[in-house]
Number of protein chains: 2
Amino acid sequence: MTDKNFVGAGMDDSNQNHALERKRGSGARQVYDLLRDEILDLRLAPGSAIDEVQLATRFGMSRTPIREALVRLAGEGLIETLPNRSTMVSNIDFLGMHAYFDALGLMYRVTTRLAAQHHKAGDLDSIRVHQAEFKAAVEAQDALAMIATNADFHAAIAAAGRNEYYARFFERLLGEGRRMLRLYYQSYDDRLPSRFVDEHEEIIAAIEARDVEAADRLGRAHSEQIEAQIERLLTRHDRLDIVL
Amino acid sequence: MTDKNFVGAGMDDSNQNHALERKRGSGARQVYDLLRDEILDLRLAPGSAIDEVQLATRFGMSRTPIREALVRLAGEGLIETLPNRSTMVSNIDFLGMHAYFDALGLMYRVTTRLAAQHHKAGDLDSIRVHQAEFKAAVEAQDALAMIATNADFHAAIAAAGRNEYYARFFERLLGEGRRMLRLYYQSYDDRLPSRFVDEHEEIIAAIEARDVEAADRLGRAHSEQIEAQIERLLTRHDRLDIVL
DNA sequence: TTCTTCAATCTTGTCGACAAGAAAAATACA
DNA sequence: TGTATTTTTCTTGTCGACAAGATTGAAGAA
């Protein structure tokens, strides 16, 4: 809500100038990655228009790779493209927030369960690495880092669960919802209780012990806790902005 | 390059000639829809190469809209594109079959539950229409129609559940897995027991009665039955082709 | 002034052309 | 004869240009 969105034409030199030679197949990928980050970190405000030629000049390439990146982003629902008309950054679906966190919670549970069942040797190392990063982010009170590292943590768990379909869906949820998660974290004033870190530790322990029931219980607790907080957030939110 | 347009050298005249005027924004959509269908109905064999120029001449349009369609298909995992090299129809992931049906079964349960909770006035009508079509397809022993109408039936239930995220994931699973489902149905020799139709009826009844527990139980039964059949299918399959 | 109609402009969708990599073919070499 | 190297060909990735549709702005009528 208190977001400044400079989408202005060519201004700072941070990252628009790429006149230097880039590898052949990587144009669209580069644009895709950067735009995705800008959208998910709310640096591109929801609803703001996206101009292909502007992006083309900004990235110093033709409209074609830009277009490919936009098609991919549209496929993930991050931008919306009116036929023959402007394309814009998708709005955050506040009404679907409950549904979103319901799905997210279910994925927490399912992936944690499966990880407890199917994890193999190196999986726990990977999970622990991400947990350490998450812990550091929480201690540093860096909301963006918390979201990213939390997503990585759970993505690692999902990978250990050995189900590509859940993993892909989960990663997509974690990505697509980064903007909603941003609001969620803001409901804690970006200072996450250390309890969250502890819960992660318990989850790791349950997975390591291959205790499926404990894993499920923890995943469910994690999820229900989020649910409750979202409930608080939504009621508060409904009062603040009467949306449209 | 120069135009190499041999009249007789192409394939048959079934549906490649679209020199007639088409609406402006619909080129890619048209290609996407048709290619998707051809892939999912196994008319395009997994692993077979996809040539952009060939498609361009076949559809009578430039490579640009073809390319957009391919990007979208790749985003859904239906084709795989090696950088700077050929793109090909994705292989069916037999190893992930168990994972696939696990996810599918969970979605059966979740969406049925939610439909029992949240369905509104017109939802049941839509569901019943699709159920009637499914029944007709089963009686006609038309496997492709069974897959399509079954997908529509469950998609309608998912829509009644009022959770966009589950619905999208579910639809994606049902679409993406049409090829696997084809095999699954073939394990019944494309003659589905009428019990499947009856199960659908029970599901409808549970939803209408808003009996969440019954809905969940039925969804679970549906899912477990699939699971069992897949188990039989897989063991039989593992014995027949030693993959690779 | 306000509403309608038409022209200017802007953005997107599509096209043909060209260059870069890679695969296939042809040649040289042991 | 078999292998390494060069050349040819083929496919993809990128580009600039143009047309269609939509938006905006101006001009005209009430």
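A polar side-chain atom of R24(B) lies 2.2 Å from a base oxygen of DNA strand C, a pair that falls under the polar contacts, meaning N or O atoms within 3.5 Å of each other, where within protein one must be able to donate a hydrogen and the other to accept it, and residues adjacent in sequence count only if both atoms are side-chain atoms. The model is a predicted one, in which local features need pLDDT of at least 70 and side-chain atom pairs count only at pLDDT 80 or more, whereas totals for chains, interfaces and linings use all residues. Residues are numbered from 1 along each chain as its sequence is written, chains are lettered from A and ligands numbered from 1 in the order in which they are written, and side-chain values use heavy atoms, with hydrogens and water left out.

## The two DNA strands

Around DNA strand C there are 21 residues, and the closest are R63(A), R67(A), R24(B), S62(B) and R85(B); a residue is counted as near a strand if one of its heavy atoms lies within 4 Å of it. Besides the approach of R24(B), an N or O atom in the side chain of R63(A) is 2.8 Å from a base nitrogen of DNA strand C, and a polar backbone atom of S62(B) is 2.5 Å from a phosphate oxygen of that strand. Of the atoms of DNA strand C within 4 Å of the protein, 60% belong to sugar or phosphate, and the rest belong to bases.

DNA strand D is likewise surrounded by 21 residues, of which R24(A), S62(A), R85(A), R63(B) and R67(B) come nearest. Here a polar side-chain atom of R24(A) lies 2.2 Å from a base oxygen, while the phosphate oxygens of DNA strand D are approached by backbone N or O atoms of S62(A), at 2.5 Å, and of G27(A), at 3.3 Å. The elements that give two or more residues to the surface near DNA strand D are α3 of chain A and α3 of chain B, helices being DSSP runs of H or I with at least four residues, strands being runs of E with at least two, and both being numbered from the N terminus.

For DNA strand C, too, α3 (63-75) of chain A and α3 (63-75) of chain B each supply at least two residues of the nearby surface. The table sets out the make-up of the two surfaces, in which Ala, Val, Leu, Ile, Met, Phe, Trp, Tyr, Cys and Pro count as nonpolar, Asp, Glu, Lys and Arg as charged, and the others, Gly among them, as polar.

| Surface | Largest contributor | Division of residues |
|---|---|---|
| near DNA strand C | α3(B), three residues | four nonpolar, seven polar, ten charged |
| near DNA strand D | α3(A), three residues | four nonpolar, seven polar, ten charged |

## Where the two chains meet

Between the protein chains, 25 residues of chain B are in contact with 25 residues of chain A, contact meaning heavy atoms within 4.5 Å. The two chains bury about 2100 Å² between them, 57% of it on carbon and sulfur atoms, where buried area is the accessible area (1.4 Å probe) that two parts lose on being put together, summed over both. Y165(B), Y166(B) and F169(B) supply 29% of the area that chain B buries against chain A, more than any other three residues.

Four salt bridges are counted between chain B and chain A, a salt bridge being a side-chain nitrogen of Lys or Arg within 4 Å of a carboxyl oxygen of Asp or Glu. In one of these, E176(A) pairs with R168(B), the closest N and O atoms being 2.7 Å apart. There are also ten residue pairs in polar contact between chain B and chain A, with both residues at pLDDT 80 or more. On the side of chain B that touches chain A, the elements giving two or more residues are α3, α4 (97-118) and α7 (164-176) of chain B, and α4(B) provides the largest share, eight residues. The residues of this side divide into 13 nonpolar, three polar and nine charged.

## Within chain A, and confidence

Over all chains the structure holds 30 salt bridges. R29(A) and D33(A) form a salt bridge whose closest N and O atoms are 3.4 Å apart; because these residues are four apart in helix α1 (residues 27-40) of chain A, about one helical turn separates R29(A) from D33(A).

Chain A averages a pLDDT of 84, and 88% of the residues score at least 70, pLDDT being the predictor's confidence in each residue, from 0 to 100. Confidence in chain A is highest in α3(A), at 96, and lowest in helix α10 (residues 212-240), at a mean of 78. Over residues 1-19 of chain A, pLDDT stays under 50, and the model has 20 contacts beyond four places in sequence for them.
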